[in-house]
Amino acid sequence: MTASITTLEQLLERYGDTLYRIAILFAASPAQAHELLLRFARSHTTSPIPSDDQQLISALLPFMAELPERRCV
């Protein structure tokens with residue numbers, strides 16, 4: 001069982017690299033990935049902080065759904 005994460009800062013310390021990799025992988029551009037992460041972080045200034053991996057993924061999915069479809073050339 002993982003320890004409870006109580007602040008956005010702790011969330012980013014623990015999961016920041018993983019969140020960035022996921023955003024870069026699914027976003028069409030680095031700028032779009034940064035926007036995704038910014039919106040995700042801002043949403044957690046007023047909502048509960050995910051306390052484990054599953055909650056983090058569940059919290060990130062709605063933001064991923066808002067991304068435009070990537071086009072492979």
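**Aromatic pairing and the nonpolar core**

Me: How many aromatic pairs does the count come to by this rule?
Reply: The model is predicted: local features need pLDDT of at least 70, side-chain atom pairs count only at pLDDT 80 or more, and totals for chains, interfaces and linings use all residues. Residues are numbered from 1 along each chain as its sequence is written, and side-chain values use heavy atoms, with hydrogens and water left out. Rings of Phe, Tyr and Trp (its six-membered ring) pair if their centres lie within 6.5 Å; planes under 30 degrees apart count as stacked, over 60 as edge-to-face and the rest as tilted. By this rule, the count comes to one aromatic pair.

Me: Which residues form the aromatic pair?
Reply: The pair is edge-to-face, with 5.7 Å centre to centre and 90° between the planes. It links helix α2 to helix α3, across 23 residues; helices (H or I, at least four residues) are DSSP runs, numbered from the N terminus. The residues that form the pair are Phe40 and Phe63.

Me: Is Phe40 buried or exposed?
Reply: Buried means under 20% relative accessible area, exposed over 50%, and partly exposed in between (1.4 Å probe, protein chains only). Phe40 has a relative accessible area of 1%, so Phe40 is buried.

Me: Which helix gives the most to the largest nonpolar core?
Reply: A nonpolar core is a set of buried Ala, Val, Leu, Ile, Met, Phe, Trp, Tyr and Cys residues joined through side-chain atoms within 4.5 Å. The largest has 16 residues, and Phe40 is among those with the most contacts inside it. Helices α1 (8–26), α2 (30–43) and α3 (53–65) each supply at least two residues of this core. With five residues, the helix that gives the most is α3.
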